[in-house]
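This report covers the voids, two helices and a few backbone features of one protein chain. The sequence and the coordinates come before the text.

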Amino acid sequence: MAGGAAHPGAELLAFARFLDSSLQPLVYGYGPGRLRELRAREFGRLAGTVYLDHAGTTLFPQSQITSFMKDLMENVYGNPHSQNISSKLTHDTVEHVRFRILAHFHTSPEDYTVIFTSGSTAALKLVAEAFPWVSPSPEGSGSCFCYLTDSHTSVVGMRKITAAMNVTSIPVRPEDMWSADRQDMAVAGDPTGDPTGDPAGQPLHLFCYPAQSNFSGTRYPLSWIGEVKSGRRRPASRPGKWFVLLDAAAFVGTSPLDLSVHQADFVPLSFYKIFGFPTGLGALLVNNRLAPLLRKTYFGGGTAAAYLAGDDFYVPRESVAERFEDGTISFLDVIALKHGFDALERLTGGMENVRQHTFTLAQYTYAALSSLRYPNGAPVVQIYTDSEFSSPEVQGPVISFNVLDDNGNIVGYSQVDKMASLHNIHVRTGCFCNTGACQRHLGISDEMVKKHLQAGHVCGDDVDLIDGQPTGSVRISFGYMSTLEDAQAFLRFIIATRLRPSHGQPLPLATPGEAGALPEDSEAQDAVPATRARGSPSPQEDASPHSGVWNNLPATVDAEGLCLPLLEATGTQQTTSEKAADVPDGDLRSHVVTNLYLYPIKSCAAFEVTRWPLGSQGLLYDRSWMVVNHNGVCLSQKQEPRLCLIQPFIDLQRRVMVIKAQGMEPIEMPLEENSEQVQICQSKVCADRVNTYDCGEKISNWLSKFFGRPYHLIKQSSDFQRNAKKKHGKDQSARTTAALSLVNEAQYLLINRSSILELQQQLSTSCENGKEELFPMNNLISRFRANIITNGTRAFEEEKWDEISVGSLRFQVLGPCNRCQMICIDQQTGQRNQDVFQKLSERRERKVKFGVYLMHTSLDLSSPCYLSVGSQVLPLLKENIEHHDIPATEKFQDAIS
């Protein structure tokens with residue numbers, strides 16, 4: 001396929017040809033040119049981004065926020081439970097929004113009540129708690145809670161509440177509901193068919209099902225509502241009266257819902273699915289005919305007409321909404337809904353237009369994906385659907401699928417997600433909080449779910465394959481502002497990564513001319529020694545006039561209580577390549593440290609040394625600092641690739657760190673804080689809370705100028721201890737706990753040159769003049785951001801090691817490093833290239849692992865400890881540990897052979 005013409009199965013389906021072949025009229029957009037104008041005016045922030053997770057949340061238009069903020073600036077909204085003028089304004093506005101919600105669903109306050117909740121999950125919980133369940137008794141079997149297995153976790157979770165009331169829960173498969181007998185009421189002789197009849201004395205049952213599956217996008221018949229309530233279709237053979245909860249959260253984001261026709265008893269909603277903003281606000285629409293039957297135990301502020309604090313006396317408010325809305329509702333968010341409705345109607349003309357537009361995009365993408373074939377005729381994807389995307393009545397704008405290789409094996413969703421991120425395509429992966437649909441479509445048995453849990457897989461993680469079987473899928477979904485360009489960008493991504501390799505062409509990073517952008521000519525880049533020095537295994541090649549920052553190191557320095565002799569720095573002694581050459585090639589047992597790197601600032605450039613002291617957390621000052629945004633969120637190259645262009649240098653003699661970047665004056669800062677002056681704050685690294693302090697306004701301004709947005713530099717507090725929590729090995733105990741800096745997983749990361757060499761050979765491509773090295777060895781080494789580089793004898797042999805000794809130091813091997821898309825970033829330029837990730841995935845059987853984590857074993861810091869280039873590495877396999885006596889730790893530990 002390299003450079004050749006694409007075979008028929010690798011071509012992008014033309015949209016015009018798709019429209020011509022459609023058996024039904026299809027609608028794209030909201031009038032000539034309006035969609036393009038809408039995207040440019042309202043969603044300029046999406047430039048360069050393909051957002052395909054509208055089933056997760058849609059996006060808000062700019063005018064909605066502008067209008068809402070103008071409203072807040074011009075009006076005073078008080079607590080609606082007060083009686084003053086501003087409170088009256090809030091109350092009246094909230095009531096207007098209730099009417100607007102009901103009108104949106106083609107009903108009125110005479111038929112339905114809007115109860116505001118924090119979201120659809122809270123609405124479902126409210127139903128489970130308030131429904132008039134009848135417990136079993138000698139006279140009858142009691143109530144029954146039935147739910148479709150293709151339901152969100154929040155629906156299935158209702159059974160825990162019903163179980164506490166001794167109510168039977170029955171899962172119902174979609175195929176069973178489709179095949180359920182539709183009975184004529186007269187024939188069935190069921191006297192409870194009248195939904196307005198008196199339920200006294202009858203067991204009351206509840207059936208829950210989604211209007212649209214959040215897994216596959218399947219739209220279930222709204223006619224089931226009337227059929228179940230009338231008794232013509234039974235989820236379970238139980239005498240009594242049936243009520244229906246329609247989970248509309250996924251459905252109403254892209255489709256109209258007419259409650260005057262389909263009169264469900266309960267309809268839970270989350271408004272961010274419709275408008276994108278506000279989040280944390282939902283509602284339960286309750287059919288007023290059922291409202292008097294609902295029960296409530298707890299009562300909060302605003303729900304009581306009267307009560308006594310000293311006696312068991314409580315009278316609820318008459319209004320259903322006031323009775324169930326405990327405390328003060330999120331009234332400003334409710335007011336924001338008004339602006340959401342205004343914007344949605346103004347931009348689209350109504351939900352029917354949204355339904356037609358989003359379905360057209362979904363049907364086109366489905367047709368295009370289905371047509372993709374490998375040269376051997378095998379499909380590129382497996383799509384999970386019940387509808388064949390025949391009409392918007394049976395299918396929403398959601399496509400759930402897994403990518404296949406040319407042998408029909410599934411490519412893990414985590415790999416696809418990481419590759420999509422490199423193309424700035426946002427998708428959703430996993431089971432999407434719908435285990436029932438996931439099991440049904442992927443063929444996962446109940447036993448397999450339990451086995452996956454035992455293997456370490458939990459909902460929401462990136463464990464995508466277990467024993468070759470998928471644990472989830474990839475989902476894309478369209479919203480009202482989605483465009484044909486979005487769909488085709490996604491399709492081209494699938495074609496490029498599966499059918500047409502890109503041959504190493506980099507992905508664009510920054511626009512020339514902006515702060516910190518890369519130069520257009522190579523001469524300017526050559527003037528940046530800090531960038532070139534990074535990742536070089538032969539340091540003398542890249543020595544620069546600025547190398548004195550690390551060449552003039554001290555004879556002694558007091559750092560963490562260590563008394564350091566002269567530290568050999570990059571370019572001052574025998575080069576690392578020369579040292580590596582001293583090892584006989586024929587000695588298969590020889591392993592030598594060829595390079596040492598530390599990364600003082602997390603996700604920034606490497607600082608290469610030939611000898612460096614160890615601290616309790618790893619290499620001294622490794623990942624002691626990190627860059628955060630204005631919200632205090634840690635940044636990595638995944639969000640900000642140009643972090644790799646920030647080059648830190650450690651000067652231990654002056655006790656400062658010097659930071660350089662192209663186009664910026666160098667800036668320096670102290671290595672240690674003045675504990676009496678710094679203000680400690682909490683930050684988060686890989687779900688761990690860490691104590692940090694801000695390094696000051698000067699460095700913040702420097703970073704903000706380079707990146708063009710407000711950033712800060714923070715440092716981990718020296719008196720804070722962060723302990724590793726994960727156990728990486730199956731036989732490792734609590735002794736693996738170690739003190740960590742701001743690293744993700746472990747104290748050290750080691751990679752093997754033999755493993756790099758194998759990857760380099762795979763990445764080489766043929767050209768007219770023969771073999772061409774697209775990726776130099778130094779380039780690949782720098783991408784994996786390891787601390788220790790060795791010259792191993794076999795590729796990936798390091799993954800079989802249990803421990804290693806380097807001189808008199810011992811390290812435990814914790815396991816392989818699972819790689820993310822950061823390895824696709826060229827550490828010299830900041831440009832992305834997806835080939836490294838894809839080739840590594842292919843070589844490692846679709847699991848992107850490279851390098852191994854290490855931690856200290858019995859490190860004695862009472863005397864100085866060092867790691868040095870040229871040190872011999874002795875790997876220990878698990879079965880050989882008992883046969884190797886590691887020399888006792890000497891008072892002066894030095895890892896030099």
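A cavity, as the word is used here, is a set of grid points where a 1.4 Å probe fits but cannot get out. Its volume is the space filled by probe spheres set on those points. The model discussed below is predicted.

**Overall composition**

The protein chain contains 26 helices and 42 strands. Of its 897 residues, 55% count as buried. The chain exposes about 38,400 Å², of which carbon and sulfur atoms supply 50%. Among contacts between residues at least 6 apart in sequence, 74% join residues at least 24 apart.

**Cavities and a pocket**

There are 4 cavities of 30 Å³ or more in the structure. The largest has a volume of about 140 Å³. Its lining comprises 15 residues, and those closest to the centre are His54, Ala55, Ala250, Gly253 and Thr254. The second largest cavity has a volume of about 80 Å³. Two helices, H15 (413-422) and H18 (484-498), each give two or more residues to the lining of this second cavity. H18 supplies the largest share, 4 residues. The lining residues of the second largest cavity include Val403, Gln415, Met419, Phe493, Arg498 and Gln838.

The second largest pocket holds about 840 Å³ of space. It is lined by 37 residues, and the closest to its centre are Asn434, Thr435, Gly436, Gln439 and Val449. The elements that give two or more residues to this pocket lining are helix H6 (153-156), helix H8 (174-179), strand E15 (428-430), helix H16 (435-442) and helix H17 (446-454).

The table sets out the residue classes of the three linings.

| Void | Volume | Nonpolar residues | Polar residues | Charged residues |
|---|---|---|---|---|
| Largest cavity | about 140 Å³ | 7 nonpolar | 7 polar | 1 charged |
| Second largest cavity | about 80 Å³ | 6 nonpolar | 3 polar | 1 charged |
| Second largest pocket | about 840 Å³ | 14 nonpolar | 15 polar | 8 charged |

**Helices H4 and H14**

Helix H14 (residues 351-371) has 21 residues and spans 30 Å from its first C-alpha to its last, close to the 30 Å expected at 1.5 Å a residue. Because 16 of these 21 residues are buried, H14 is largely enclosed by the rest of the structure.

Helix H4 (residues 85-104) has 20 residues and reaches 29 Å between its first and last C-alpha, close to the expected 28 Å. Its buried residues include Thr90, Thr93, Val94, Val97, Arg98 and Ile101. An α-helix has 3.6 residues a turn, so residues three or four places apart point the same way. What do the buried residues of H4 pack against? Their partners are strand E2 (112-117), strand E8 (282-287), helix H12 (320-324), helix H13 (331-348) and H14. After H4 comes histidine 106, whose phi is positive, near 60 degrees.

**Two buried aspartates**

Aspartate 486 is part of helix H18. Its relative accessibility is 5%, so aspartate 486 counts as buried, the cut-off being under 20%. Apart from neighbours within four places in sequence, aspartate 486 is in contact with Arg39, Thr49, Val50, Leu52 and Met481.

Aspartate 247 belongs to strand E6 (residues 241-247). With 9% relative accessibility, aspartate 247 also counts as buried. Leaving aside neighbours within four places, the contacts of aspartate 247 are His152, Val155, Tyr209, Pro210, Ala211 and Pro268. Aspartate 247 and proline 268 are separated by 21 residues in sequence, with their C-alpha atoms 5.7 Å apart.

**Backbone exceptions**

Most residues other than glycine have a negative phi, and most peptide bonds are trans. A cis peptide bond joins phenylalanine 277 and proline 278, with omega about 5 degrees. Proline 278 lies in the loop between helix H11 (272-275) and E8.

Glutamate 388 has a positive phi near 60 degrees and is found in the loop between strand E11 (381-383) and strand E12 (398-404). Is this glutamate 388 buried or exposed? At 53% relative accessibility, glutamate 388 counts as exposed.

Arginine 785 has a positive phi of about 50 degrees. The loop that holds arginine 785 runs between helix H25 (777-783) and strand E37 (788-790). Arginine 785 is buried, with a relative accessible area of 6%.

Terms used:
Residues numbered from 1 in each chain as written. Predicted model: local features only at pLDDT ≥ 70, side-chain atom pairs only at ≥ 80, totals over all residues. Heavy atoms only, no water. 1 Å grid on protein atoms, 1.4 Å probe; cavity = no way out; pocket = protein on both sides within 12 Å on 5 of 7 lines; lining within 4 Å. Nonpolar A, V, L, I, M, F, W, Y, C, P; charged D, E, K, R; others polar. Buried < 20%, exposed > 50% of the residue type's maximum accessible area, 1.4 Å probe, protein only. Contact = heavy atoms within 4.5 Å. Areas by Shrake-Rupley, 256 points an atom, 1.4 Å probe, with all protein chains shown as cover. Expected span 1.5 Å × (residues − 1).
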